[in-house]
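Student: Please take a close look at a single helix of this model, then go through the loops and sheets elsewhere in the chain. Which residues are buried, and which strands pair?

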Amino acid sequence: MTQNFAALDPVTLGPQLELRDGGMLLTYDTTGTTVARHARANQGVATGQHFWECVVYGDQALVADTAVVGLVLAGTANTTAPGVSASTVGYRPGDGTCWQGGAVVATVATAPLRTVIGVALNLAAPTRTLTVYVNRLAVHTFTLAAGQTWYPAHTVCGAVAYGHFMFVNYGFRLFETASPAGFRQGVYTTSQPFSTMRVASEDWITPHDAAEPNIPYAGHVRNPDQFGIEKGVTFWPWGQSGSSFSFGELEIQDDGTYEALALKQPRGARVLLKIVDRDDPTAAPVSIGGAIFVQANESGPDAMRIRLRDPLEQLDVGLRRRYYLPYVIDGSANRLMPISLGACRNIEPILIDAPRRTYGMHDGPLTQIVAIRDKGDKLDPLAAPPDWSVTSDRRGVELQTEAQGKVSADVSSSGAATIVGAPNIDAVAGFGTMATNVSGMPDQWFTIAAGMFHATASHVATGGGRLSVQTTGIIPASILVSWDVRFRNVPSQRLWVPIRKGCYYRMTYRISSSYWPTTVGFGQCAAGWRIRGAGESGDAGGTTTHLIAGEYTIDFRASCDGTLAWYGYGNIDPANNGGSTGPWFVEIDDVVCLLKSADTPDRLSGFGHFIAALTNWTPLTISAGCSVAYGTVTSSDYPAGLGVMVMTIAAGAAKVAQDSYQVAGSAMLAGRSYRVALRLDGSTSNARVNIVARNTATSAMTTLTTLSASTLEATVVVGADSWLVLEGFTADAAVGTAKVSLVRCFDVTDQLAESSTTAPLSGISLAEYCRHVIEDRAGLSAGSWVASDAAAIDTATGYVFGVHVRETITGRGLLSAPLDTYTAALTTDNLDRIRIARLIAPEAEPDGAIVWEINQLNAPERPEVTLDEAPGLTCRAGARRNWTLHTDSDFVTDFDPITGIDAASRTRFKRVSQFIVSSAKPLADLYAAARNRDPIDFLSDLQIHAQTELDRVVSMYSKPRGFWRVVAYYDGTPPLVRPGVVVRVTWPRPGLETGLKLLVSRARHVATAQMVDMTLWGLRSNR
């Protein structure tokens, strides 16, 4: 059914308002206007659930009373703002006020300029609501009156004409954010569904026990003997690739019953074609295929001719796409966002913000960015400052400096997310900033708010670096009890970690022990985080509900400049308590905060797994003499206010290891890469400390780095399962003291792979690609295609690939893009489902794969064969496609492979495929010309995959191949013959005497004749 999306209505437009871009853009043409007017959608809705979006932009500040988003009724005057008139509602993004019926009912978060506002209208009984979303978070829900038809309404104004614009998307384009579950993607009406019409070649009625019993079919088909369904596929060795479908025109006798076909012309309607056994008219019909209605024309005074088309035509409609919003730079505004699915090499990003040097590369979050290049020269994301950083929506990057020439990138939207945003100079070299206060870890805690009733919060008075929250007394069932504590550093009196508004953070911590009676429920949590602005008492952020001992992680975005305040608090739920005796307590230690400056708040990744972070130490004396024994560095208390482990190293031979200590909890897995950080603070000049990876108690220790008083950062690849060990010694024979104030260890295997120049991108599999295109982008159901076809090909091949699209494309075009890489093509089956046929050597298929045995009894005419000359066959293929090509002038002039670009790399970037593979498999003399043909360009991202597919196809042509023409007949149920299946033909003629398995490449089914006319492909002879 056609979806007719709403737009802003010029007929009911309020004064001084102006519409542009087909009713999607709203502005005003008069200086000094007010919100006392509105533009409404040209469609009202009274039922259902609908979602739409809008965004305000311009060159003036967005203040109170400059924009409104909401609903009005049909009779609302266009000189009023939504929310001012009776029953109407409106949200004002400038000041966050929510209006309903002329009064402010709430004040919520504002939506600054260029902030996407989502609106979800729920008119499903029993409660009718309108919910406003800002940056994907619901900020307010209005309750609406029942029995009304509502019109989405908007307005903008300002001190200067055209100072603000509001872009409104009712669904013409894909949305920036996902709608709530169950909501329609837009505001639209649909074409009226066409009622089912049933017609047959003879009068027939469904059996009484059928799914639809006793349904009559009128015998009005005039040309059943001439009507047939033909399906075919071709593969690239045959000179082309693709699918073919044809249908005879269906002529029906029309006594006025089918007049609606000519009047409504329901193009795109589904037509199901079935056959019934004429010897058993009560039998259930068997589907033989489907088609798409194209056109119905009168062919005589009482006849109508119906034209049908390929059922894949449902994929020939241009996909709804996401566009860049109107406020990006000229040339990119309202331009299609590119699609980058799987491993996409050397794509050319789209510049969307010149001042900030922002480039877009995909219409959704990317998972990997392996390389950004300027004039072919790779930029460094780990430079100081970084050459590029990921945008907050993960759709592109921002460059640190102006590009000198053509920008290109290697990206992927498949696989696990490994993108790391702009790194900072820190103790783990870009894998998240150690924001711990340099003066040491906190050692004392104090109470901010005591308990409300019969409860107290206590702290460890002697220091110890651990927060202990405890309650005492009996909690009556009628009282809600809470407490709140935070910590400070001594003696500076400062809170722990400074934070910046808009930045993203990950915090890890450990609950060492806690106890809560099982009869107590919690309205919130026992430990979590809050963000406090300077001088503020209010909080912003969230909480975590973990109570048991263990290590935990919280991701959050700072909503204000301030400091991070840890607190422990709990709400005792009277409904679940009933009176219970304390104390209840929670102890928290090992708090670490990492800065992640550019990523999305809902899917942070790339920090590295947090495996060791010791902050509480016991003073240690390392004895003289080399020793392979080791003690364990634990989290026991350290002296108040010190925050370091003091290692007193006895006198001994210079540069000889004195002793070693295992870092508790530092299990390291074989084959993984780890980033370790060690800080010495106030150590004697002769002190040395090594960080060592050890896999057995007696094994020789592998030293990473030796240092004096400073900070060490090092990366190690662990050869066997290991743990971290600290090793202390002196540079001379004198006693030394080492003060270790920081040890951190992170698993950075994925991050290192991402930054490597040779790291493979995560390609996409055929099954996942098809599912994404068919279901997510084309909007068809999971039942509209046979996913097992693609899954079976993936199992057989393991290939991965990528597709990058910048222009308008249909679903079929996007779906067909990678099929040559698998030597495959699209088709459909008898149930009208999308199928994938693949060129295979049919003679190698097992007998169980044969769908029809054909012989002289059911194929009386002599099969004929013509040679397959394979005009498209080639022995060369490309891999790792370049989605944009470079010319000589696009590169830097430096040919040095380290500082510039070597000649071999330049050659790879100048051709369609970076790598060309060749097959040396033997060929029949008939196909010798294939040795000299141009390569076919596969989308395989890996050379081995292109090599494997090329060898597979070339090997099939080691013997002459042919196309066999066979006409076969059947009785009763028709065989399930379609392109891509295998049949066996046994016939008393040369080449077929003992039977030959052949692949169906074309099949024309004439149901009334119970005949299938086929073109089959396989060996020229079984001899």
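Tutor: A residue is called buried under 20% relative accessible area, exposed over 50%, and partly exposed in between, with a 1.4 Å probe and protein chains only. The model is predicted, so local features need pLDDT of at least 70 and side-chain atom pairs count only at pLDDT 80 or more, while totals for chains, interfaces and linings use all residues. Residues are numbered from 1 along each chain as its sequence is written, and side-chain values use heavy atoms, with hydrogens and water left out.

The part to look at is helix 5, which spans residues 787-797. Helices (H or I, at least four residues) and strands (E, at least two) are DSSP runs, numbered from the N terminus. D789, A790, I793, D794 and T797 of helix 5 are buried. These residues lie on the same side of helix 5, because the arc that they cover around the axis is only 135°; the arc is that of the directions from the helix axis to the C-beta atoms. An α-helix has 3.6 residues a turn, so residues three or four places apart point the same way. T795 and A796 are on the other side of helix 5, and both are exposed.

The loops come next. V317 is found between strand 24 (303-309) and strand 25 (339-342). V317 counts as exposed because its relative accessibility is 58%. In sequence V317 is 493 residues from T810, yet in space the two are 5.5 Å apart, C-alpha to C-alpha.

Two other loop residues are picked out by their backbone. Most residues other than glycine have a negative phi, and most peptide bonds are trans. N214, in the loop between strand 17 (204-205) and strand 18 (216-217), has a positive phi near 55°. With a relative accessibility of 45%, N214 counts as partly exposed. D832 also has a positive phi, near 70°, and sits in the loop between strand 59 (824-828) and strand 60 (834-838). D832 is buried, its relative accessible area being 6%.

A positive phi is found in a hairpin as well. Strand 11 and strand 12 form a hairpin with 2 residues between the strands, and there N135 takes a positive phi near 55°. Strand 11 (residues 128-134) and strand 12 (residues 137-144) run antiparallel and are joined by 7 bridges; two strands pair if DSSP finds at least two bridges between them. Within this hairpin, T131 has T141 of strand 12 as its bridge partner.

Now the sheets. Strands of a sheet pair through backbone hydrogen bonds, either parallel or antiparallel. One open sheet has 6 strands in the order 4-13-6-7-8-9, paired antiparallel. Its edges are strand 4 (39-40) and strand 9 (103-107); each has a single partner strand, so one side of each has no neighbour in the sheet. Inside the order, strand 6 (residues 67-73) is joined to strand 13 (residues 150-156) by 7 bridges, and the two run antiparallel. L73 has its bridge partner in strand 13, namely W150.

Another open sheet has 4 strands, ordered 27-28-32-31, again with antiparallel pairing. Here strand 27 (350-353) and strand 31 (388-390) stand at the edges; as each has a single partner strand, one side of each is left without a neighbour in the sheet. Strand 28 (residues 358-360) pairs with strand 32 (residues 396-399) in the antiparallel sense, over 3 bridges. Y359 is bridged to V397 in strand 32.

The remaining pairings share strand 67. Strand 61 (residues 850-854) and strand 67 (residues 982-985) pair in the parallel sense, over 3 bridges, and I854 has V985 of strand 67 as its bridge partner. Strand 67 is also joined to strand 68 (residues 996-1006) by 4 bridges, but this pair runs antiparallel. In that pairing, V982 stands opposite L999 of strand 68. Strand 67 thus has a parallel pairing with strand 61 and an antiparallel one with strand 68.
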